[in-house]
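Thanks for making the time this morning. I would like to walk through one chain with you, starting from a single strand and working outwards, so please keep the viewer open as I go.

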Amino acid sequence: VVSILVIVSCYLLTNLSNISTDDVSYSGNETVYNVTCQSGIHEVSYPACSPQHCARIVVREFLTTQQASQLLTLVKKALIHGRSDGGASIFDFHSGAISKGDRFINVYSVHTATGGQPVFGSEEFDVLYRVIEMVHTRVAMYFGLDRDRLYLTNPTFFSELTARPARTIHDEYWHTHIDKHTYEAFHYTSLIYLSEQDRDFTGGSFVYEDNGNESGMRIQPSIGLLSVFTSGDENPHRVERVRDGVRYALTIGFTCNPDNKISL
């Protein structure tokens, strides 16, 4: 499943001079950069789900190392059964879709086709469901929403990014985009990183852009870091190409439209 995000400490390293400190707040392990809401997500008929403000939020060490490791084990287990021929593979845990070559297959059907056991035991998803509930609560809190009017939506997926050349357009993850345009159901986007930049991979920073220009602000992924933002036109973004290694993340989308909700 983005103006400028400020990340403190080792998460933001460049070009802070053009940022108004009035727009940035820090609290413990959280950094919030407020932006002006633009058209897109906010022209909706869901008052209880409209944001009180638009922002980009970073929470360092949102997950424990153990939680992140359990999620990483889950996605790696899924991708044993398929990977893209190019540099971007996904596992949509709700639908079961995973990349395989230049297409997608349903990983939940693998055991049916082979006559074997299910790929996953039900207990393997317990930590994932707990994490989603944690993120759901945070998103509602950050944007002043009625949690019961904010819903999990599709696609919600794990991604594995590498330096392999793109084979299809689905592998070209580095283009600037706006989530509400790419994923129509999204009103709020969250990402959790499951690998560490400069240890597990190089490249792969998450970059916000303004007016088509890179702002110089970027998230350097670290294990357990949570990034949350409104999915509208105020948050154009891209991911820099991974130069080597493997970058893992979990994208969790939320919607205001009950017709687009999915259940765990």
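Let me begin with strand β8, which is covered on both faces: Y188, S190 and I192 lie on one side, T189, L191 and Y193 lie on the other, and all of them are buried. Please bear in mind throughout that this is a predicted model. Since six of the six residues of β8 are buried, the strand is largely enclosed by the rest of the structure.

What does β8 pair with? With β12 it pairs in the antiparallel sense over five bridges, and within β12 the bridge partner of L191 is S227. With β15, β8 also pairs in the antiparallel sense, over six bridges, and there T189 has G253 as its bridge partner.

Staying in β8, I would like to look at S190, which is found in this strand. Is S190 buried or exposed? Its relative accessible area is 1%, and it is therefore buried, the cut-off for that being under 20%. The side chain of S190 reaches the backbone oxygen of I252 at 2.8 Å. Setting aside residues up to four places away in sequence, S190 touches V135, L226, S227, V228, L250, T251, I252 and F254. As for V139, it is 51 residues from S190 in sequence, yet the two C-alpha atoms are 8.1 Å apart in space.

Now to the nonpolar interior. The largest nonpolar core has 47 residues, and those with the most contacts inside it are F158 and I192. At least two residues of this core are supplied by each of β3, α1, α3, β7, β8, β12 and β15, with the largest share, eight residues, coming from α3. If you select F158 and leave out residues up to four places away in sequence, you will find that it touches L71, L74, V75, S89, I90, F91, F93, L128, L194, A249 and L250. There is also a second, separate core, of 16 residues, which includes L161, Y173, Y208 and F229.

One of the contacts of F158 is S89, and that residue is my next stop. S89 sits in strand β4, residues 88-92, and it counts as buried because its relative accessibility is 1%. Where does the side chain of S89 reach? It reaches the backbone nitrogen of S84, at 2.9 Å. Beyond its neighbours within four places in sequence, S89 is in contact with L79, R83, S84, S99, F158, S159, E160 and R164.

S99 takes us to a hairpin, since it falls within strand β5, residues 97-100, which pairs with strand β6, residues 103-106, in the antiparallel sense over four bridges. In that arrangement A97 stands opposite N106 in β6. The hairpin has two residues between the strands, and G101 takes a positive phi near 65°.

Finally, another glycine, G224, which lies in the loop between β11 and β12. Although it is a loop residue, G224 counts as buried, at 0% relative accessibility. Not counting residues up to four places away in sequence, it touches V59, E61, F62, L63, A68 and Y193, and Y193 brings us back to β8, where it is one of the buried residues. The C-alpha atoms of G224 and S195 are separated by 8.1 Å, while the two residues are 29 apart along the chain.

Key:
Residues numbered from 1 in each chain as written. Predicted model: local features only at pLDDT ≥ 70, side-chain atom pairs only at ≥ 80, totals over all residues. Heavy atoms only, no water. Buried < 20%, exposed > 50% of the residue type's maximum accessible area, 1.4 Å probe, protein only. Polar contact = N/O pair within 3.5 Å; in protein donor to acceptor, adjacent residues only side chain to side chain. Contact = heavy atoms within 4.5 Å. Core = buried A, V, L, I, M, F, W, Y, C linked by side-chain atoms within 4.5 Å. Pairing = 2+ DSSP bridges.
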